[in-house]
Structures are given as C-alpha cells and as structure tokens.
Amino acid sequence: MGHSSLEKIIALQRNPENIRNLCILAHVDHGKTTLADCLVASNGIISSRLAGKLRYLDSREDEQLRGITMKSSAISLHFTQGEKEYLVNLIDSPGHVDFSSEVSTAVRLCDGAIVVVDAVEGVCPQTQVVLRQAWLENIRPVLVINKIDRLIIELKLTSQEAYAHLQKILEQVNAVTGTLFTSKVLEERAEKDSEEKESDLSGDQVYDWSAGLEEADDSNLYFSPDQGNVVFASAIDGWGFSIQQFAQIYSQRMGIRAEVLLKTLWGDFYLNAKAKKIMKGAQAKGKKPLFVQLVLDNIWSLYDAVVTRRDKEKVEKVVTSLGVKVMARDTRHSDPKVLLSAICSQWLPVSQAVLSMVCEKLPSPLDMAAERVEKLMSVGARRFDSLPEETQELKKAFLQCSSQENAPVIIFVSKMFAVDTKALPQYRQRPLTQEEIAQRRELARQRHADRMAADQSAADLAKYDSTTQDGQTASLTVKEPKPEEDEQQKETFIAFARVYSGVVKRGQRVFVLGPKYDPAQGLSMLPEGCTATDSVPEVPHLSCCTMGNLYLLMGRELEELEEVPCGNVLGIGGLEEYVLKSATLSTSPACPPFTPLNFEATPIVRVAIEPKHPSEMPKLVRGMRLLNQADPCAEVLIQETGEHVLVTAGEVHLQRCLDDLRDRFAKIEISASKPIIPFRETVIRPPKVDMVNEEMGKQQKVAIIHQVKEESSQARTSDTLQVDPSGLVTLTTPNRLATVSIRAIPLPEEVTRLLDGSLELIRTLEQVNMSLREGRSLDISTRTLEAIEGLKAKLEGLLQGRKWRNAVDRIWAFGPRRYGPNLLLNNVDSYQRPSVWQCLFKGNKPSKPAPQAALRDFDNSIISGFQLATLSGPMCEEPLMGVCFSVERWDIQASTPLQQQDSVEEDSISHESSEDSRAEGGSEMDEQGEGPAAGPNQAKRRPEAGPADCYGPVSGQLIAATKEACRQAFQAQPQRLMAAMYTCDIMATAEVLGRVYGVLGKREGRVLHEEMKEGTDMFIIKAVLPVAESFGFADEIRKRTSGLASPQLVFSHWEVISSDPYWVPTTEEEYLHFGEKADSANQALKIHERRPPP
Ligand SMILES: Nc1nc2c(ncn2[C@@H]2O[C@H](COP(=O)(O)OP(=O)(O)OP(=O)(O)O)[C@@H](O)[C@H]2O)c(=O)[nH]1
Ligand SMILES: [Mg+2]
C-alpha cells in the first residue's frame, strides 16, 4: 500500500460522517468476491484487468482452489464523489451455509450491507438468511442484481423479457423484506401498546414509535431502482449502473429533467416520440418500457456487437459514441469478453455505481439508530431502562460517535482470526530508503574486507588447530537455528473489531467485559472513577487488558496504526489471552457486554481427532485450542472417553478446520474419525390397536428384550426398583429416605417441534426464574414477556386431552441443560412448587400455597436428575428429545437436611413399625389420584438399610435416583432413535433431474417438492436427507450432473426412525440378511425401510 494512500485513509478515519462500514452478503456464488474485486481495483490495489479473476479477498489457498469464500475479510477503500471523500470499510463474507457464522461476525460490525443476487438464480435460501441477519442487526441493505450478462448470453433473453425477469427478482427480494418488516412492525406495535399502558402511570414520557402497519413508513425499506438502492451489474464484465446514471445521461441528451427520468426510468412508462412525452401504461399499450428502450437495449446491442456477432465496425461506432478509449490489443484479443469489459468498465464502471449508492444510501456511523444501540446494550431479556443510569448514559456516547479525548472507549470484537506472524507489518520487508541502501552497502564492503583479512590470517595460522576451532564455534553461533518457541509462535491472533466510541490507542488499558458481566454489579464493586489502569478489585466476568498493535485491515495485508478513532473497523493484536472468540472492551465499567451474535449455523458434524503419532498429543491439544479461538463456530470438546472431538457446521467447514489444524495450528499429521452421527433418543406410543401379525410379532420380541433388560436391571436393584405394567417406575434411594415414581410419556410431535424451536426463549425464561429464585427481580422487556406468554398459550393449545390436563401449569423443568425439548411434569398432587411461568404473574401473584419445606429443599435434586437423564439416554448416551417425564409420586422421609444424621438413623430403625403410617403419609399425595403408586407396585422399603451417611447426602442420592428412574421409565416404553435431517435445495436442469433423484434415493433422501424456476429451464427441488447419509452428497451430485446441480445442506430437524433399534434377527433368513449385529444402535438407520418381509 502506498504511503500517500495510507495517510489519506488515516485522515479519512477521523471524519465519521463520511465513513461507511458495510459488508457484502449473498447466497453462495452470487458474485460477492468478484464484485469486491471491482471495488478494490477502483483503488488501484489490484489492476482492473485482473478484477474479477483474482478474487483478491479470497486470500486463502483453499478459497482460491474451491472457488468459495470461507472467511470474512475486510478492506478499507477511499472513494471520491464530487467534493466529498469517503472511507469505505468493506467486508466480504462467505455465502456457503457452513460459514454463516462468519456472516454473523461481519454483520455486527457494519451499518449497512450490499445484498447481491444472481440475476438467473434469483432469491435463494441463503439470500433470505442474510436478509434476515441484516434485519436482526438493524443494518440497512442496498441491492446489487449481478450477473445480468447471463441473461443475455446464457438464457438468451430479449431485453424486454429480461426486464420482466428483473422485475420478478425485485418482487422476490421485496417479499422477503416485507415479511421481516411486517413481523417487526407488529411486534413493535404490541410493545408500544403495553408501554403506553405503563406510561399512563408514569405520565410524561413520550414515545415516538411508528404506530401500526398502516402508518409505518415502509417506502424506503423496499428495494426499488427509483429509490436509488438498486444497482444492476455484471461484476465479471466490470459494469454496473443505477438508474441515476442513465437519468443523467439522457437528461443531457434528450433535454428531459433528470428528476422526471428518475421517476419513470423504472416502471410502466414509455416514450411517446411524437408528443415528446413520457406516458404511463406501457404494458397495456404494448409499448417498450423506458427502461428497456433507454437502458437495456443499449447493453443488449453492445453484447450483440462485441460478443455474439463480433462486428468490428459496429464496435468502433459504439466506442466512439460512448467516448471510451480502447487499446488495440484489447480489440485484437481472441476472447471478445476482454474487449467487452474494456468498453464496459469505462462506460459504466461498476465500482462507481456501487460505491456512490453505498455512500448515498447507507448510513454513516453517526446515523446509528437509537433502537439499534439499545438492542446492542440490552443483553438477553433485560430492558434497556432497567440498566444502571451510568450505563444508560453510554447510549449518548454511541450516538455521538465522538473521538474526543474524554469520550469513553467502547469496542466490540466479533471474532479472532489467525495470521501468519511473518505477514505482520512489523516483520514485513519493506523497500529500503536510499540512506539504508548506502548503509548496507558500506556494511557489506566492511564485511568483505574483514573476511579477506581473516582468510589471509587463517591461511597463515592454519597449523594452529585451536584458532580454526574458535573460528568454527564463532560461525556456529551466528548460524544457530531459531529457537523452537519461534517455530511455535507462527500464528498471531488479531481481533476483528469496531470502535463504537472514543479513540483506541496502542498500549491503552481497557476492561474486558465477559458476556455475563453485569454493569450494576461492577459499578457497585468497583471504587468510583476506577479505570482499567488502576489495580482493579476482583469483579465477576471483568478483567483488564492492554491494547496491542492496532491494524488497518487491507484484505491480505495489515497496516500498523497508532490510534483508531470512533466509527472504524480495525484489527487489534495482543488480545489472545483475554478474548476467546468475541468480547466487549471499554474504558468504562458501566458499559454492558454487547448482546451475543446471532448465529444461524448449527454445529452438527462431529469427528474424533487423534495425532498420527501418539506422542504428539500435546501439539494436537494446543492446535485444537487455537482452532477453537480462530473459528467463530467450530467447537472443540473432550469427551468422557478422552477423545478429542471437533464439532463443525458441515462437511466443507469440517474440511477447512482439518486443513487448518494440520497446516497451521497443530502442524502435525492427524487422523480424523468418520463423522460421528448425532442421534436423539425418544419414546413412542405403544401401538393401541392390534397391528398386523408382523407388528405384533415384533412387539413380542420387544417385550422379550425388555424382559431381559428388566431382569438384568432388577437383579441389580430389585429391592429399590419397581416397574408396573403401565410403565410407572418407582425407585427408592439406597438410604431408603426418598422415593420417586416417574413415567415417561412421548410428547406430541408438534410440542417437541415447538420446544425445539423455542430454545432461546426457554433459556431466557430459565434465567428469569433463576434470578427470581435468588430473590432478584429482573426487569424483562415486554417483548420477551409476550413471547413467553405466547409459548405458554401455544403449549396449552397443543397439549389437549385428559392425559395432559393442566400439564402446562405443571411443568417443572425443561431439559437437558434446562432448556431442551423434554419436559418434567409435576403430577404429585400434594406437592406445590412455584410455576415456571411465574414471571408472567406480575403484580397479581397467585396465592402461593406454602410449599412443603421438606420437599422444596430437594426440588432441585429432582430437576438435576432429570437434566442428567435427558442429557444422555440409555440407548446410546445421546440426548433425549420429545420425552415427558411425569413425576407421579414423591416422598421423603421426615428428615430434612437440617436434621442430624442420628435422627435419620432413628428413623430408619423405627421404620418397620412405622411403615404403615408412612405409607399413609405417602398416600396423602396419592389419595386424590388413582394413586398408581399406592397399588401393589409401591416400592418395598426394606428397613434393614444402613444409616444414611454411608451413602452420602440425601440430595445426591435423590439426583441419582431420579436420573435412574427416568432412564428406567424411558426403557419401559417403546424406544426409538431420531436422526438428524438436512434440507437441501437443489437447482438442476431438466436433463440431469433424473440423476439427482437417483442420488437422493440412494441416500434415503425424500423429495418434498419440485418446481420449475420461472423464466428459466431450471428445476428447484427441495428434499430432506439424513445427515448420516450426507457425506459426499454434494460432491456426488456435482459429479453425476457434471457440475450442473449443487446442493446446499442446511440442518433442519430431527426425525424419528420408524424401526425399532432393539429388533434382533431371530430366523436364519434374517441373520443372513442383516448379520448378527443388527441390534447395534446405529444399525437402526440401516434397517430403516428395509424391514423383513412379513
Ligand atoms: N457470468 C457471470 N459470472 C459471474 C459474475 N460475477 C461472478 N461470476 C462468477 O460466479 C462465480 C462465483 O463468484 P464469487 O465472486 O466467488 O462468488 P461469491 O459470492 O464470492 O461466492 P462465495 O464467497 O463462495 O459465497 C465465479 O465463477 C465468478 O466468475 C457475473 O457478473 N457474471
Ligand atoms: Mg466470495
């Protein structure tokens, strides 16, 4: 990078009004990186001849090889528009689903986005995802419809057809935006309503919410060429335009006012040559719309002359009329595209069109919406106005975007990325100045003279060995290899960050605010006016760090900076010890941590990794740690078995992670297991009616297996465990102090789906409950409250029928991890506990019956047991899904934790005699119900049990007992595995459709629907495919269709595998067919759909 341009950028960084932070978003392969090339070329960083071919921002080798972007990377560009000079901080993001977490990290740092859509493919699944991500982060998008050349050359559309096609694409994009907008407005309206209610009480507050859908101004939300937020382009040929440009050209040429043209160039208008007027109703009158006549026709005829007909004369004419200069070698070039892009890139340079749209339409850091600031600052369900006053004050700092010395520094790090240490500017070779060259020359001359002299004396003294040896040692020390440490430090981590307030300086001390940091707590614990330079007392989730080197991100290169003012994107060195993946940094302890990033990707593909040579384990461990830090989405864990497991978002992501691990972070040979297929375990309803013989036969087999299982388990714990024929499991703790009866019930499918889709909300609910339990009340936003209410209502709607009466109010917990898709129900009639929905009873708290203290103390043990049971099921230790555990009986010996152990002993001694009375005590709980536990299945309590203390505390035993009871209850029902499923959208031409179906069928995929893409000869197929069958799927499809179809696999849902995993082959034929191991868990999948004939 030239010295002068660096100076310029540093100067521009100080003027936030003219800064634009934006990212390029799109579905995979729609041309983001190609477009970025054109913009980069406009700054002379790469030659314009190479723009589009180099894909400069794809700096990794594998990105170039595969032709897809895998990491977001940023570059700063300057752009002059009239008298104004702008600094454009551009981030190119990947479009492949596997890397969507890189999109999340990019979007967070931006104020705007360029959404690119392929003119042929139109809106694709990832297009919708990125539009949503832009919405979630409140950043403003502009649209580039790219690859218009394909409409001309590939689809051979006429200009008129192309116009209709482009209109459709705009409609599609706007439909997506429309959905997002409507849901948002509705939400806001609801929020406004409830806030109004509150403000009635507080009186003088003013809210400027846009009220309802009708009143909300959505006109500048939509993409429309006349709004100036759409550019039509062919990035590969280097051209692009907005209708502003053509309005200008024609207003001069035809003497029509530019404003009129702006309004009429796009839409149903035509030119009446006779009347010299622009009229409406082109379609009805069968006239050429203005856009076709004045814009598209020009481009079509240019392509026709240059590419299709290669008409030299015509080309010359066009070149002169456009007033562009073309070099002779371009005219003679064998590839007409060279000439074409030479002409187009001068006539309608895409960089000019895109950058001027960006500078005009996208907000500067100064225009950050207050709403966005509040969203960034309100972690989880917290209401902004419930934050401490000092924290709320900081909102001003965000909005002012001030680079004053006294402005608090606020920085958000959205990811950490690794660079080769040698590539850092401080180690980079730079051209020498004249002076340095002279100095070096002098040094070299000196050395040469010395050597000559030494040689001379060496020859003289050759006989004296010692001297020679000395000389050798001397040279040895010079050539000493670099220490090992150096070798290890090859990767340096740089934080990808943005300054939201203040000026960051190298060496500055700042607070690092962890995601759970609470500014209220911090402010109360820290002495007033405390800064990160002081010695800071211990505060949870708060630490201090020193800013290392600051960098300007220039694609493949970094430039060192001394300081970076507010509103800019930057790289920060020296944070790897303090920041794992993302963090909030600030000089003010009042600053809250930013809300966590919205990740769309689900890490689902797991592999176990080993070093080829076992001795290299420490290197692998270190490498995996680095990989974990360098990737926003990869997860690294060590399983109980000691295996090192890597979890990634998909096959391509996995491959990239393995490459990185091998070549950069561990630098050793590694071997990765086949992907470990994730399963979920569930139970289903036992068949109600008599099935066909086959099924019944199977049921019997199942029954036999269960019997075997039960026998074996009962042999172990028969004195404490009872299973009744209805599946109710009663278990007593080894110390005989507590008994629980639990039944497993399959949840209706819709409920499971609802729970699985509401995990975030349930997690929030759990957090709220947690703080209520701790006696703190958390002010949660109305929006969250309403969402919780909605969830409750939906659950009530879905859980109907006698079996589920009052079930929703009786929910005890969700699991695993307290927010999973399984329920624990409190069906112990006499046991009352605070509802999980208690945050909804604000103000009018339901009269709480005094909970039985003895049981209440152990409430949490039951929950913990349930969490453990749902975390790993009995079939293959995979998490459960869609299972409801109903606790139907629970009693605890009179002993409370406060009582002494000896009294417990006493209890046990008096046990036998008191059994009746105890049973009665227990029946208090059962008397209302049919009391399934009161029947013959009641746990037998053996009084000869030893004193409690030899088994440890009651709560621990209760946890274990609950877990075991859940597991037993689960096993008492017909069990099934659930397989992870992908959905995929495949676009394919009619010729290869058959082959696509072939591959799908072979891999047990299911086609959901198929439709013809309008205006093309492409079919869009939507299918589901088990994750287990997906490895190599994309490659196979590509190969079988010669690259014509390329699917995107997105994790969708879990699906019950209908066959029984415990089915075992019993006849000889079955053995022959399935082999002996047909009973192993994963085989369930294979057996699936290949059941034995009746
Ligand atoms: N015909 C045509 N092809 C284009 C155009 N722009 C890009 N391409 C081609 O489309 C392919 C993908 O381009 P990229 O720029 O790598 O796409 P991308 O959106 O960055 O892809 P990912 O980063 O992997 O999501 C390349 O082969 C480009 O040459 C265009 O305007 N017209
Ligand atoms: Mg790309």
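In what follows, helices and strands are DSSP runs, numbered from the N terminus, with at least four residues for a helix and at least two for a strand. With that settled, good morning, and thank you for coming. The structure before you is a predicted model.

I begin with the overall picture. The protein has 1094 residues, of which 51% count as buried. Its secondary structure comes to 35 helices and 34 strands. Among contacts between residues at least 6 apart in sequence, 76% join residues at least 24 apart. The protein exposes about 51,800 Å², and carbon and sulfur atoms supply 51% of that area.

Let us turn to the magnesium ion. Which residues act as its protein donors? They are Thr 33 and Thr 69, each through OG1, lying 1.9 Å from ligand 2. Thr 33 belongs to helix H2, while Thr 69 sits in the loop between helix H3, residues 61-66, and strand E2, so the pair ties together parts that are 36 residues apart in sequence. Both side chains deserve a word on exposure. Thr 33 counts as buried because its relative accessibility is 6%, and Thr 69 counts as buried at 7%.

Helix H2 itself, residues 32-41, is mostly covered, with ten of its ten residues buried. Among them are Lys 32, Asp 37 and Cys 38. What do these buried residues pack against? Their partners are strands E1 (19-26), E2 (73-81), E3 (84-92), E4 (112-118) and E5 (140-146), together with helix H14 (350-361).

A brief remark on cysteines. The count of disulfides comes to zero. Cys 23 is in no disulfide, and the nearest cysteine sulfur, that of Cys 110, is 3.8 Å away. A disulfide requires the two sulfur atoms to be within 2.5 Å. Cys 23 is buried, with a relative accessible area of 0%. Cys 984 also counts as buried, at 0% relative accessibility.

I now move along the chain to a sheet of four strands. This open sheet has the order E21-E22-E20-E23, with antiparallel pairing. Strand E21 (635-638) and strand E23 (670-672) each have a single partner strand, so one side of each is left without a neighbour in the sheet. Neighbouring strands here are turned by 30° against each other on average, direction ignored. In the interior of that order, strand E20 (residues 605-611) and strand E22 (residues 644-648) run antiparallel and are joined by five bridges. Within this pairing, Arg 606 stands opposite Val 647 in E22.

Two helices lie across this sheet. Helix H21, residues 617-630, lies across E20, E21, E22 and E23 and runs at about 25° to E22. Helix H22, residues 651-665, lies across E20, E22 and E23, at about 135° to E22.

The next sheet is open as well and has six strands. Their order is E25-E26-E27-E30-E29-E28, and the pairing is mixed. At the edges are strand E25 (721-723) and strand E28 (811-815), each of which pairs on one side only. On average, neighbouring strands of this sheet are turned by 20° against each other, direction ignored. E25 pairs with strand E26, residues 729-732, in the antiparallel sense over three bridges. In that pair, the bridge partner of Gln 722 is Thr 730 in E26.

Helix H31, residues 954-971, lies across E25, E26, E27 (738-746) and E30 (883-892), and runs at about 35° to E27. One residue of this helix is Thr 962. Is Thr 962 buried or exposed? At 0% relative accessibility, it counts as buried. Leaving aside residues up to four places away in sequence, Thr 962 touches Val 740, Ile 742, Ser 861, Ile 862, Gly 865 and Phe 866.

Finally, some points of backbone geometry. Most residues other than glycine have a negative phi, and most peptide bonds are trans. Against that background, the peptide bond from Gly 815 to Pro 816 is cis, with omega near 0°. Pro 816 lies in the loop between E28 and strand E29, residues 822-826. Arg 818 is also placed in the loop between E28 and E29. Although Arg 818 is not a glycine, its phi is positive, at about 70°.

His 541 likewise has a positive phi, of about 60°, although it is not a glycine. His 541 lies in the loop between helix H20 (519-525) and strand E14 (542-546). At 42% relative accessibility, His 541 counts as partly exposed.

That concludes the presentation, and I welcome your questions.

Technical notes
Residues are numbered from 1 along each chain as its sequence is written. Chains are lettered from A and ligands numbered from 1 in the order in which they are written. This is a predicted model: local features need pLDDT of at least 70, side-chain atom pairs count only at pLDDT 80 or more; totals for chains, interfaces and linings use all residues. Side-chain values use heavy atoms; hydrogens and water are left out. Two strands pair if DSSP finds at least two bridges between them. Axes are lines fitted to C-alpha atoms, for helices over the stretch in contact, and angles run from 0 to 180 degrees between N-to-C directions. Contact means heavy atoms within 4.5 Å. Buried means under 20% relative accessible area, exposed over 50%, partly exposed in between (1.4 Å probe, protein chains only). Donors are N, O and S atoms within 2.8 Å of the metal (3.2 Å for Na, K and Ca); water is not among the atoms, so sites may look incomplete. Accessible areas come from the Shrake-Rupley method with a 1.4 Å probe; for residues, only the protein chains shown count as cover.
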